[in-house]
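The following explanation leads through a structure by way of its strands, helices and loops. It is best read with the coordinates open alongside the text.

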Amino acid sequence: MSDSRFDPETLSGELRDFARKLGAGFDSLKDMPPLAPGVTPRDAVYSEDKLTLYHYRSRSGKQPAGAAPVLIVYALVNRPYMMDLEENRSLIRSLLGKGLDVYLIDWGYPDRSDRFLTLDDYINDYMDRCVDAVLSRHGADRLNLLGVCQGGSFSLCYAAMHSDKVGNLITMVTPVDFHTADNLLSLWAREVDVDLLVDTLGNVPGELLNATFLTLKPFQLMGRKYVDMVDALADAQSARSFMLMEKWIFDSPDQAGEAFRDFVKIFFQGNGFVQGTARIGGRAVDLKNVTMPVLNIYATRDHLVPPDASRALRGLVGTGDYTELPFDGGHIGIYVSGKSQKTVPPAIAEWLSARA
Amino acid sequence: MTNSRWADEWMRAWRSLPDTAGANPWVAMLDHFTQSHPATYEQSFSAALDRLTEQSRAFLDLGHKLASSESGGWQASVFEYLDETADRLRDPSTAARAFGGLSPLDYWQQFAGRGEEPTSRQQTPVAQLEALLRMPGVGITREHQEMLQELSRLWLGYEQAYGEYAAFCIETARQSVDRLRERLKTEFGDGDGPSSIRALYNAWVACSEEVYAERVATADYMKLHGRLVNALMAYRRQVGKIMDEWANAANLPTREEVDALHHKLKDARQALQETRRELRALEARVGETPRRKPEKRSTGKNATKKKATKKKATKKKGAKKKGAKKASGKKTSSRRKSARKK
């Protein structure tokens, strides 16, 4: 029986290597300039309150002629620069490279003056005016809508209530059925008195949402990740990539109180899409009114939005043109992994091209 | 000298230091380094650096204990460490820190702002707020007394919920230790054991995640989580009410007043948006109104007569109009009139 791998000398050698890497890691960080995420040039074409609508410029400087615009609707709970993180990890850049004309709504950072914004304000006011702004620029009647995560839920609501303005709908890692057995967030929200929470806190702090997301996998996300960080800091590029991700993870805006109350009660607690009880601004949201073509992309190892939570869309929409695209990865890998850049944008472009 | 070489220099220096028995040179190195190299990094990196430092300290602590164990064989050293951890978890005074910052309890404490445990009655949250209300010019009233009593009750409720949550986290850690012990026995038996400290650490994280995932997906945890959040919010809401009382006495805006202002602002904004929508709809309708076709001009003998008749009629109309203008004092155009009719 040999214990050579676990003898004091071998273990001390491992600790010395770890200490060296840690020291080298501190060097990498010391030399690293401030991070500025977002690599694709863009123009602000509309703004209102905290919101900005951006139009991305292609590398060639020429916008695709005749291409129906794609409007990306991101979640409120994180910042949208995840979709344009780095040169070789930018879903937006990849979409532009496939000839698509891309817009994105940046919701901004709500403050106390946004306390009483509701989902109706976000979806039927802000989002609708952004859609109108894009349509007006293109002289078009309809656009392509691409909703991400909670933004996908918003896009489903929008498409159900304003189907005349949406030509094609793409949802990415979008929760539809919030009560699947493996949806921990929804389970944890069931016994929370969200009225008390919002009435007490006003806007819901980004730190609270962060802590909740991290406690989905606390030992991995707050423990092992930082021990593995010494390996990531080994070279300047991987160190920068790590720190960009870190910046994004902890850059969580506060949530406008009433919109948070609406979303938790209608979806997390009420499972509104599935139960048919979702109402926004007094209007019923019936996914049977989603009659335009739908592409539903989900991540097979998504711990935030389990696959079954997304796949439930199939049985709820009214369209006869429904396509699912599984991505072998996680909730974040779907935007930033090298694998996703090679598979997801081409699939989106091809699917849209067939329905132009 | 780069930091990576600094580690080697440190170990050489460490060995020459007297009386370092039992101390962890790696943790000492890390602590010395972080204290002697403050603020040389981009400010936005500081939180990540803190987490890197904390988890590295925990890893180095684990590694040093295993490397300096005098027990024979990997099983002896590893299981000795696991036994010590299990003992720390059974002791209430050390349980919460048994995993060195690797516990959901830590994240909750960061959000909830638990702060230091009160060491005297004067330091309890209730006592501190009582002092605020006793300030000159504020003066404690019967209403304030009732609010403080309610606050005490809510604080006790939160303490109870927090205690239950802490017990849950500690039990999860204890079960993780047992799960790791079983896994190591199953996977390695009497063989060579884990390939490295990192392999052991990763196995421990995996076991912890497994046990945690099983325990937080239950109805019991759902209720425990709800009780914890709701108790903290109820307590905070009462604190907010007391702070509003104090602010009111100090002639400062209260939360209630500011919220009312924001509500009014939002209502006004909504009314403005509605008005804009109606205006756009009206503009669209006006744009749809067909133009009146110009009358055909006839040529020939009767044209002059018709023209004269028309002139008279126009003059009469003009006189009527003037009269109407004088009466109403308003200007109207024939186009607007016909649009209104439609």
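**Strand pairing and helix packing**

In β5(A), the residue standing opposite A:Leu71 is A:Leu145. This pair belongs to a predicted model, and it offers a convenient entry into the sheet of chain A. The strands β3(A) and β5(A) run parallel and are joined by 4 bridges. Strands of a sheet pair through backbone hydrogen bonds, in either a parallel or an antiparallel sense.

The wider setting is an open sheet of 8 strands with mixed pairing, in the order β1-β2-β4-β3-β5-β6-β9-β10 (chain A). Its edge strands are β1 (42-48) and β10 (322-327) of chain A, each of which pairs on one side only. Direction ignored, neighbouring strands of this sheet are turned by 20° against each other on average.

Strand β3(A), residues 69-73, is mostly covered, with 5 of its 5 residues buried. In a regular strand the side chains alternate between the two faces of the sheet. In β3(A), A:Pro69, A:Leu71 and A:Val73 point one way, whereas A:Val70 and A:Ile72 point the other way, and all are buried. Besides its pairing with β5(A), β3(A) pairs with β4(A) in the parallel sense over 5 bridges. Within that pairing, A:Val70 has A:Val102 in β4(A) as its bridge partner. The chain passes from β3(A) to β4(A) through helix α2 (residues 91-97) of chain A, and this β-α-β crossover is right-handed.

Strand β4 (residues 101-106) of chain A also pairs with strand β2 (residues 51-56) of chain A, but here the two run antiparallel and are joined by 4 bridges. A:Thr52 stands opposite A:Asp106 of β4(A).

On the other side of the strand order, the path leads from β5(A) to β6(A). These two strands pair in the parallel sense over 6 bridges, and A:Asn144 has A:Asn168 in β6(A) as its bridge partner. Strand β6(A) is mostly covered, with 7 of its 7 residues buried. A further 4 bridges join β6(A) to strand β9 (residues 294-299) of chain A, and these strands run parallel. There, A:Met172 stands opposite A:Ile297 in β9(A).

Helix α4(A) links this sheet to the helices packed in chain A. Together with β5(A) and β6(A), α4(A) makes a right-handed β-α-β unit. Helix α4 (residues 150-161) of chain A lies across β3 (69-73), β5 (143-148) and β6 (166-172) of chain A, running at about 140° to β5(A).

Two packed helices are described by the angle between their axes and the distance between the axes. Helix α3 (residues 119-138) of chain A packs with α4(A) at an angle of about 70°, their axes lying 10 Å apart. The angle therefore makes α3(A) roughly perpendicular to α4(A). On the α3(A) side the contact includes A:Leu119, A:Tyr122 and A:Ile123, and among the residues they meet in α4(A) as a group are A:Phe154, A:Cys157 and A:Met161. By class, this contact of α3(A) with α4(A) has 9 nonpolar, 2 polar and 1 charged residues.

A second helix pair has another geometry. The axes of helix α6 (residues 194-201) of chain A and helix α10 (residues 257-269) of chain A come within 10 Å and cross at roughly 170°. Because of this angle, α6(A) is roughly antiparallel to α10(A). Residues of this contact include A:Val194, A:Leu197 and A:Asp199 in α6(A), and A:Phe260, A:Arg261 and A:Lys265 in α10(A). The residues of the contact of α6(A) with α10(A) divide into 5 nonpolar, 2 polar and 5 charged.

The loop between α10 and α11 (272-275) of chain A contains A:Asn271. This residue has a positive phi of about 50° although it is not a glycine. With a relative accessible area of 2%, A:Asn271 is buried.

Chain B has 13 helices and 0 strands. Of its 342 residues, 36% count as buried. Among the contacts in chain B with a separation of 6 or more, 68% are accounted for by residues 24 or more positions apart. In the loop between α10 (219-249) and α11 (255-288) of chain B lies B:Asn251, which has a positive phi of about 60° although it is not a glycine. B:Asn251 counts as exposed, at 71% relative accessibility, whereas A:Asn271 is buried.

Methods:
Residues are numbered from 1 along each chain as its sequence is written. Chains are lettered from A and ligands numbered from 1 in the order in which they are written. This is a predicted model: local features need pLDDT of at least 70, side-chain atom pairs count only at pLDDT 80 or more; totals for chains, interfaces and linings use all residues. Side-chain values use heavy atoms; hydrogens and water are left out. Axes are lines fitted to C-alpha atoms, for helices over the stretch in contact, and angles run from 0 to 180 degrees between N-to-C directions. Angles under 35 degrees count as roughly parallel, over 145 as roughly antiparallel, 65 to 115 as roughly perpendicular and the rest as oblique. Contact means heavy atoms within 4.5 Å. Ala, Val, Leu, Ile, Met, Phe, Trp, Tyr, Cys and Pro count as nonpolar, Asp, Glu, Lys and Arg as charged, and the others, Gly among them, as polar. Two strands pair if DSSP finds at least two bridges between them. Buried means under 20% relative accessible area, exposed over 50%, partly exposed in between (1.4 Å probe, protein chains only). A crossover is right-handed if, with the strands pointing away from the viewer, the path from the first strand over the helix to the second runs clockwise.
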